[in-house]
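Okay, can everyone see the screen? I'll put the structure up and then walk through a handful of places in it.

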Amino acid sequence: MAEGNTKITDRFWTRYRELVRSEMIPYQWKVLNDEIDVRIERERDDAHIPNKKSHALENFRIAAGKHSGHHYGWVFQDSDVYKWLEAAAYSLSEKMDENLKKLADSVVDLIGDAQEEDGYLSTYFTIEEPDRKFRRLRESHELYCAGHLMEAAVAYNRATGNRKVVEIAEKLADCIWRELGPEGRYGFDGHEEVEIGLMKLYQLTGKERYRELSRHFLMIRGEDPDFFEKERQNDPDRKPVIHGMDPLPLRYYQIHKKVVDQDTAEGHAVRLVYLCTAMADVAAACGDEIMLAACRKIWRNIVDRRMYITGGIGSTVHGEAFTFDYDLPNDTMYCETCASVGLVFFAKAMMENEADGEYGDVMERALYNTVLSGTALDGKHFFYVNPLEVNPVSSALDPGKSHVKAVRPEWLGCACCPPNLARLLASVDQYVYTAREDCCFVNLYMSSESCFSMKSGEIRIRQETGYPVSGKIRLQLEKEAGQKLRLGLRIPSWARTFALTVNGEACRAVPEKGFVLLDLQEEKNEILLDLPMKPELWRARADLRSDIGKAAVGRGPLVYCLEEADNGKDLHMLSIKRDPDFAEQEEDGELGHIVAITAAGIRRKTAPVRGGLYGFDDEMREEKEEQRLRFIPYYTWANRGSNEMSVWVRTE
Ligand code: FUB
Ligand code: ZN
């Protein structure tokens with residue numbers, strides 16, 4: 001990969017990045033440090049889920065011997081702090097803030113104080129069960145947390161030059177190597193993540209053994225599907241570290257087969273996409289074609305059969321998991337924010353292996369829809385689960401839908417999503433381009449200024465666009481005289497047509513694998529791309545049982561939805577006309593700068609003439625009225641209180 005950097009100047013994204021800096025990071029700090037009273041909601045009805053103050057920083061103070069007390073919260077709570085630190089790092093890289101840096105430095109010191117002499121680091125085991133370190137890898141999340149620390153360490157070191165954080169991460173990685181490396185005991189974590197962290201640590205330090213350890217964990221996963229069960233039986237203290245994980249199937253952990261033999265997306269969705277990200281990272285770093293082939297197969301299965309139109313993944317609350325092909329229910333799904341964050345990571349890692357516009361398409365779909373829906377517009381309320389259809393009464397009264405919230409909570413018992421979202425939004429600049437050898441691919445369209453050191457020399461790119469409100473993009477690219485350079489412009493799959501001019505001349509190039517490839521000869525180049533940003537009706541293939549007879553409205557990368565606030569109650573009684581006569585309203589109001597869409601629709605209310613629930617077909621009374629439907633971008637839903645929402649609407 002070519003070294004480089006991108007500075008975002010975009011209106012849409014600057015608002016989010018400012019939100020991360022001025023609201024999310026300070027707010028999340030206060031919650032993790034128990035400085036404010038917030039209502040902590042359980043992510044679903046389950047009495048085992050913590051619902052008191054976070055205690056995340058306090059756990060470190062106790063582990064460091066500075067305070068006394070017990071660990072509180074999920075065993076993997078340390079990762080909330082690490083993801084917060086990583087988000088802070090990206091934010092500092094963009095704009096230095098001495099107060100935030102001081103705070104983040106003190107967090108690094110605290111983490112160092114909580115680390116044991118031999119490098120071991122997990123506040124839960126240090127405080128509560130020191131005899132069980134690395135003994136219950138199925139549930140312990142020790143390596144999962146370690147991976148998040150490594151990612152944070154690399155980001156924080158790059159942002160501030162802090163060496164201590166890298167020393168902590170390396171000491172921990174070395175401890176893991178001794179215990180569980182190729183010459184240590186057999187074992188890997190139930191939740192993939194350390195494999196990603198190790199690859200980043202390898203890229204920063206150049207130390208091969210971190211790459212080797214990452215690959216080792218991938219290669220032994222699924223080799224012995226009984227490993228976790230044997231581990232459980234060998235654990236003299238049989239109490240599970242996390243309640244309720246015993247009955248989960250092998251697929252939940254992606255250990256039903258060796259990872260290179262897996263060809264469908266199985267089990268816990270976040271784990272699966274983290275696994276795939278690591279596999280794609282290792283494939284790129286080692287040129288491992290077998291690993292890459294497995295990634296491609298799993299990718300195909302997700303994209304062709306198991307992904308929502310919003311880029312959400314995970315069809316059931318049971319195990320927060322994938323289910324089976326074409327099973328995409330809209331109102332009981334999971335679509336965890338972290339899962340879409342992970343899907344963006346996977347897409348980026350695949351782009352680093354091979355150029356295919358589909359990776360950018362999925363990255364964009366997940367980012368602009370499910371990922372952004374994960375936060376309220378105030379940056380202080382968060383969704384864990386991102387439904388495509390909500391009736392607040394069902395959420396309140398149907399125990400099977402307790403996970404489907406109608407408004408974003410202030411915080412969650414399991415707080416994996418808020419800091420995950422913060423770290424992705426704060427680092428979105430890293431997703432705009434993939435620059436490699438003499439090629440630079442544009443994955444995402446957003447105003448920005450970038451420079452890259454390519455094999456053939458330096459290049460500078462300036463992007464100007466009003467995306468996603470407008471589809472007009474202007475790119476100015478400067479390179480050295482005689483320098484070889486190929487630019488790949490992604491033509492999104494949602495664009496039926498496009499217009500392109502290169503240095504004033506119309507270009508009729510046909511996209512190859514989703515990219516128009518331009519071999520630029522001039523030193524200074526101007527490229528104008530015009531994508532058709534207009535409302536479209538989308539339909540699903542008939543295999544998707546929940547969407548049959550329905551349509552969704554999209555505009556460019558954005559999926560839209562109906563909300564009760566605009567359309568009244570009982571959204572299920574509404575239908576959209578096949579000729580919807582779309583109208584667009586650009587506005588800058590309570591939902592921010594958006595283009596709202598109205599369409600021709602009908603509200604039908606039917607009831608049996610003789611009363612009751614059911615009646616003969618010819619004895620139904622129907623009240624039918626024309627109604628102009630108002631659609632808003634999906635990511636803006638639930639910002640006006642609790643109300644019904646639906647992405648899919650029946651067609652006339
Ligand atoms: O297990 C750690 C995190 O908690 C997972 O990634 C999320 O899905 C939640 O289960
Ligand atoms: Zn999450």
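So, Thr636 sits in the loop between β21 (620–633) and β22 (645–646). Keep in mind that this is a predicted model. Is Thr636 buried or exposed? With the cut-off for buried at under 20% relative accessible area, Thr636 counts as buried, because its relative accessibility is 0%. Leaving out residues up to four places away in sequence, Thr636 touches Leu591 and Ile594.

Next, the metal. Which residues coordinate the zinc ion, ligand 2? They are Glu336 through OE, and Cys338, Cys416 and Cys417 through SG, at 2.1 to 2.3 Å. In sequence, those donor residues follow the spacing E-x1-C-x77-C-C. The site is tetrahedral, with angles of 95 to 119° among the 4 donor atoms. For reference, the ideal angle for four tetrahedral donors is 109.5 degrees. As for accessibility, Glu336 is buried at 3% relative accessible area, and Cys338 is buried too, at 2%.

Cys338 brings us to helix α14, which covers residues 337–353. From first C-alpha to last, α14 reaches 25 Å over its 17 residues, close to the 24 Å you'd expect at 1.5 Å a residue. And α14 is mostly covered, with 16 of its 17 residues buried.

Now, Glu336 also turns up around ligand 1. The residues surrounding ligand 1 include Phe76, His141, Tyr144, His191, Arg271 and Glu320, and Cys416 from the zinc site is there as well. What about polar contacts? The side chain of Glu336 has an N or O atom 2.7 Å from an oxygen atom of ligand 1. For His268, a polar side-chain atom lies 2.9 Å from an oxygen atom of ligand 1. Then there's Tyr384, where a polar side-chain atom is 3.4 Å from a ligand 1 oxygen atom.

Let's move to Glu139, which has its place in helix α6, residues 137–140. Glu139 counts as buried, since its relative accessibility is 0%. So what does its side chain reach? That would be the backbone nitrogen of Ile242, at 3.3 Å. Not counting residues up to four places away in sequence, Glu139 touches Val75, Pro240, Val241, Ile242 and Met245.

On to helix α10, residues 208–220. At 1.5 Å a residue, its 13 residues should span 18 Å, and the end C-alpha atoms are indeed 18 Å apart, so the two agree. Among the buried residues of α10 are Tyr210, Arg211, His216 and Phe217. What covers the buried residues of α10? The cover includes α7 (142–160), α8 (164–180), α9 (194–205), α12 (269–286) and α13 (289–306). Just after α10, Gly222 takes a positive phi of about 85°.

Last stop is Leu110, in helix α4, residues 98–114. Leu110 is buried, with a relative accessible area of 10%. Setting aside residues up to four places away in sequence, Leu110 touches Leu57, Phe60, Arg61, Ala64 and Lys66. How far apart are the C-alpha atoms of Leu110 and Ala347? They are separated by 34 Å, with those positions 237 residues apart along the chain.

That's my tour, so over to you for questions.

Terms used:
Residues are numbered from 1 along each chain as its sequence is written. Chains are lettered from A and ligands numbered from 1 in the order in which they are written. This is a predicted model: local features need pLDDT of at least 70, side-chain atom pairs count only at pLDDT 80 or more; totals for chains, interfaces and linings use all residues. Side-chain values use heavy atoms; hydrogens and water are left out. Helices (H or I, at least four residues) and strands (E, at least two) are DSSP runs, numbered from the N terminus. The expected span of a helix is 1.5 Å times one less than its number of residues. Buried means under 20% relative accessible area, exposed over 50%, partly exposed in between (1.4 Å probe, protein chains only). Contact means heavy atoms within 4.5 Å. Donors are N, O and S atoms within 2.8 Å of the metal (3.2 Å for Na, K and Ca); water is not among the atoms, so sites may look incomplete. Four donors count as tetrahedral if all angles lie between 85 and 135 degrees; four count as square planar and six as octahedral if opposite donors are over 155 degrees apart and all others between 65 and 115; anything else is irregular. A residue is near a molecule or strand if one of its heavy atoms lies within 4 Å of it. A polar contact is a pair of N or O atoms within 3.5 Å; within protein, one must be able to donate a hydrogen and the other to accept it, and residues adjacent in sequence count only if both atoms are side-chain atoms.
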